[in-house]
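Let's take a friendly tour of the pockets in this model. Have the sequence and the 3D view open as you read.

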Amino acid sequence: MRALRTALTPVLVLAVILLGGCGRVTGLLDRVSLFHPVWAADGWVYYLREVTSTSGSGVAEVWRQRPDGSAEEPVLTRAPEVSTCEAGLFSFLFAGPGGDLGVGLECGWDGTELLSYSPADKTFEPLASTRFLVDAALVHGADRGFVQAPRECGPGGIQLLADGKAYEFGSPVTVGGTTFNLSGGDTDCESTVLARSPAALGDRLFFITAPDSLGRLPLPPEVSPDDLTWHLTEWDVGSATARFVTELPGLADLAVSPDGRSVIAAVSSDHVGGVWSVDVGTGKKTRIADGARAHDPSFSPDGKRFVYVEGFKRLRFAKAR
């Protein structure tokens, strides 16, 4: 009899789950996705966590984790209500002013609110109100920076952020003898290239761009961004000059080290993945982490380590070399 009960136990457990209703079964099939980790000054790594069930898409929440894995907890389970975005959703995170957390709220189909969140005080401060954005990089506190905004010419374009608003670059950028528009405006697509992943330090802006997208925007359906050649590019705001630092092995997200000497490129293209460290001075790149798909790198405050997301499934930590 004892042997019979043992044999029936898995069957009974399955029957209880099935009889418990669809919600119980759906819970077993939920998919947890992680996005946009930010290694903040308080030592925690903040990130967006979204649970998607078979019945539809989920809603992102802000969580945080200790780098040693000793603690993990939710921080914000719903987006704050602000006057211009009463039903906003968490869209992306970025490094905020003074070591705090920057939060991007999606407001409808065409608006984004940028806020600074203080984990110590649990308060929000408004930073900017713009058109729809997918990323932001602040410099010199919160008074200005750079943002990534999709436009009619393509999914990637870099804009200036000043006085709480996003502006297109006033003049084209010339790199390696090629002149193009960086912002990806809604007109004159023939002079625009794809540009994305802004990372900034002081007056230096780093981003990736695909020069071979010039004159081809918007890309036809048969051409994928993975088919393009991507370059890590540095733009000096003071002199308004730009240069190609190195060619990257694929589509990448960037993070610049606190000393400005290196840039980490987390590559997520279909044909290659992993994390590369690029010496800004020489352009030499070294693969420092393997992985099928790497996204959203963030340096520790001391620049000795970094965190990134692997396949939108887990946080990975590694030493910066």
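How many nonpolar, polar and charged residues are in the lining of the second largest pocket? Keep in mind that this is a predicted model. The lining of the second largest pocket holds five nonpolar, five polar and six charged residues.

This second largest pocket encloses about 230 Å³ of space. Its lining comprises 16 residues, and those nearest its centre are Arg-261, Ser-262, Ser-277, Val-278 and Arg-321. Two strands, β20 (262-267) and β21 (274-279), give two or more residues to that lining. The largest share comes from β21, with three residues.

Now for the largest pocket, which holds about 1,200 Å³ of space. Its lining has 48 residues, and Phe-94, Ala-95, Ala-136, Leu-254 and Pro-297 are the closest to its centre. By class, the lining of the largest pocket has 29 nonpolar, 14 polar and five charged residues.

Which element gives the most to the lining of the largest pocket? That is β15, with six residues. The strands that each supply at least two residues to this lining are β1 (31-39), β5 (89-95), β9 (135-139), β15 (194-201), β19 (252-256) and β23 (294-299).

Here are the lining classes side by side:

| Pocket | Nonpolar | Polar | Charged |
|---|---|---|---|
| Largest pocket | 29 residues | 14 residues | five residues |
| Second largest pocket | five residues | five residues | six residues |

To find each pocket in your viewer, you could start from the residues at its centre: Phe-94 is one of those closest to the centre of the largest pocket, and Arg-261 is one of those nearest the centre of the second largest.

Definitions and conventions:
Residues are numbered from 1 along each chain as its sequence is written. This is a predicted model: local features need pLDDT of at least 70, side-chain atom pairs count only at pLDDT 80 or more; totals for chains, interfaces and linings use all residues. Side-chain values use heavy atoms; hydrogens and water are left out. On a 1 Å grid over the protein atoms alone, a cavity is a set of points where a 1.4 Å probe fits but cannot get out, and a pocket is an open set with protein on both sides within 12 Å along at least five of seven lines; lining residues have an atom within 4 Å of a point. Grid points are joined across faces, edges and corners, and a volume is the space filled by probe spheres set on the points. Helices (H or I, at least four residues) and strands (E, at least two) are DSSP runs, numbered from the N terminus. Ala, Val, Leu, Ile, Met, Phe, Trp, Tyr, Cys and Pro count as nonpolar, Asp, Glu, Lys and Arg as charged, and the others, Gly among them, as polar.
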